Amino acid sequence: MKSLLVRFFLFSLVIAACSIAVTAWLASQATTGAIRQEQGDALQTDAQILDELVRYAATHKDWTGAKSDVDEIARRYGRRIALTDVNGTTLVDTGGENSPQLPITPRALVDPLNVNGKIDPRAVGPFKVNDEEYRTLHAYADQLFQCNSRITLVEAPNGRPRLSGLGPGELSVWENCPVGDRLYTLTVTEKAAYGQLHALFSECLDQRGLVGSAYDKPPGPDPRTFDWEITTVNGAPPEVVACMDSARREQLRPYVAAPAQLFLTSPTGDEPMAIDLSTTGATRITLVALGILALAGFASWLTAMQLVRPIRALTAATKRTAEGDRTARVDGGSGEIGELARSFNAMSEKLAETERQRQAMVSDVAHELRTPLGNITGWLEATQDGLAEPDPHLIDMLLEESLLLQRLVDDLHDLAQADAGTLRLHLEPIALDDVVGQVVNAQQNREILLRAETTPVHITADPVRLRQALGNLVTNAVRYTPPGGEVVVKLFRWQDRAILEVTDTGTGIAPDDVPHVFDRFWRADKSRSRRTGGSGLGLAITRHLVEAHGGEVSVTSTLGAGTTFRISLPQACGPAGPG
């Protein structure tokens, strides 16, 4: 499980699986909500159709003239409506002659005398007032409203106006209006209907042995005995209520349409398509999800291979580099991996260049050490054997060779300190023009004109290290300037920085070599003459010393015309000079 390829592949699969699961869950939730809303709308539509058919059945004696009304209902709700009697004989069908066969199971039973166990209030039968009674009652209602405008009058299903929300016996609202009693006086039609109802009611009571009870009396003309829809007897026990309910159904049956079976389908006659969320649907969703997961896994595997291939190549190149192969290269393509490969190639090239410089340095240092050590050893052996006299001239020559060895050792020591970050500075306020004068005086040469152009500049720095850095530049300029040439050291202030420039009229540096002049162990002159020979460490040490002071060192050169080294140091004070 340590393989990057395996981890990336498994991680991609986990992400894909989670994405599929979340998407499926959200889709199922949205679909379930839509299904519930659609089913709710369908149920509401079915309930509205049923209610309109019950209203028709409650106000008509049969279904003979129902075709036009049912067609209108079917058109309005976009359904095919079919009604059959209990024996299956078609009463009304809004479908054409070629319509498909009706479903086996009806949607509902249209029976105004049994709507959820109750009589539909729109089934009034013989209680419906005639036209003359209707006009008289409404005239009373208008007079009552003029007497008390705060009341609200509604019309009962049988055409009688009454107060909205008024229960049995609650007549005190209009006790100051004499017309109120006349409004609630039973009409001739209602009295006849109540008489018929009482006969049926008494017959039921007689069958149940309840004749002579408090409820065995003619219903009406007191409107307090029955409620306004005449559906029950107030305060009566269940058996009395059952008798009243049975009597009312028997009384109303001749006035309402016979019970009919209701079939509802789409306009084409097919049953509305049920939404399948069964095991088959779940299996289909699962197979689709697995297919998507397989595609995601394949894509993840290809991506992982493309990612891992350059990493493996980089790993192999790193191993070859660790084994000593300095020519290892990686082709990483584009993107972050490509950038990593290019960085590795740059590092490999740098290591190879460093190795070449190290080998050249070892060769140079060996050569530089061999010559003075050979001279010292040879002359000491000659003196020991009596072949040479230790005169002042010999002593001076041996001392010069020793100083050359000491300088080489000091350069290596300084460079090692710079690499280790242990190069210490002892900062103090100094006059930089004094440092320039000391370096120029110490480097005077009879064959070359060495002069200084300075202005007073003061900074905080380590005077010893600055003399060393500037001395390396002056020594380098003198070394590569032919006899009769000139080396000029300039000091001035530009803005808030101190500028030191060492300009010579020497051989100059080739453009391709300029970027390498501050590299350690590098020399423009690959020969090892005593005049231009050196370890190639002086300029590298100068760069470290200048940067340790927070400054910068740069070079410009024209081949055959001369070279200028510039040191820029911060926080200078004194008169400004040329930029």
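**View 1. Helices α10 and α11 meet at an oblique angle.** In this predicted model, α10 and α11 come out oblique to each other, because oblique is the label left over once angles under 35 degrees count as roughly parallel, over 145 as roughly antiparallel and 65 to 115 as roughly perpendicular. The angle between α10 (residues 432–442) and α11 (residues 463–479) is about 45°, and their axes lie 10 Å apart. Axes here are lines fitted to C-alpha atoms, for helices over the stretch in contact, with angles running from 0 to 180 degrees between N-to-C directions. Helices (H or I, at least four residues) and strands (E, at least two) are DSSP runs, numbered from the N terminus. The crossing of α10 and α11 is right-handed, meaning the near helix is turned clockwise from the far one by less than a right angle.

**View 2. Who touches whom between α10 and α11.** The pair α10 and α11 crosses in the right-handed sense. On the α10 side, L432, V435, V436, Q438 and V439 make the contact, and α11 brings L466, R467, L470, G471 and V474; contact means heavy atoms within 4.5 Å. Sorted by type, the residues of this contact are seven nonpolar, two polar and one charged. For that sorting, Ala, Val, Leu, Ile, Met, Phe, Trp, Tyr, Cys and Pro count as nonpolar, Asp, Glu, Lys and Arg as charged, and the others, Gly among them, as polar.

**View 3. The five-strand sheet under α10 and α11.** This open sheet runs β8-β10-β11-β13-β12, with mixed pairing; two strands pair if DSSP finds at least two bridges between them. β8 (449–454) and β12 are the edge strands, each with a single partner, so one side of each has no neighbour in the sheet. Ignoring direction, neighbouring strands are turned by 15° against each other on average. Six bridges pair β8 with β10 (residues 486–494) in the parallel sense, and T454 has L491 of β10 as its bridge partner. α10 packs on the sheet, touching β8, β10, β11 (497–504) and β13, and its direction makes about 175° with that of β8. α11 also packs on the sheet, touching β8, β10, β11 and β13, with its direction at about 25° to that of β11.

**View 4. The β12–β13 hairpin.** β12 (residues 552–558) and β13 (residues 562–570) run antiparallel, joined by seven bridges. V555 is bridged to F565 in β13. Three residues sit between the two strands of this hairpin, and G560 in the turn has a positive phi of about 85°.

**View 5. The four-strand sheet with α2.** Here the open sheet has the order β2-β1-β6-β3, and the pairing is antiparallel. β2 (90–93) and β3 (108–110) stand at the edges with a single partner strand each, so one side of each lacks a neighbour in the sheet. The twist averages 25° from one strand to the next. β1 (residues 80–84) and β6 (residues 260–265) pair antiparallel over five bridges, with Q261 of β6 as the bridge partner of T84. α2 (residues 67–77) packs on this sheet, touching β1 and β2, and its direction makes about 145° with that of β1.

**Notes for all views.** Residues are numbered from 1 along each chain as its sequence is written, and side-chain values use heavy atoms, leaving out hydrogens and water. Local features need pLDDT of at least 70 and side-chain atom pairs count only at pLDDT 80 or more, while totals for chains, interfaces and linings use all residues.
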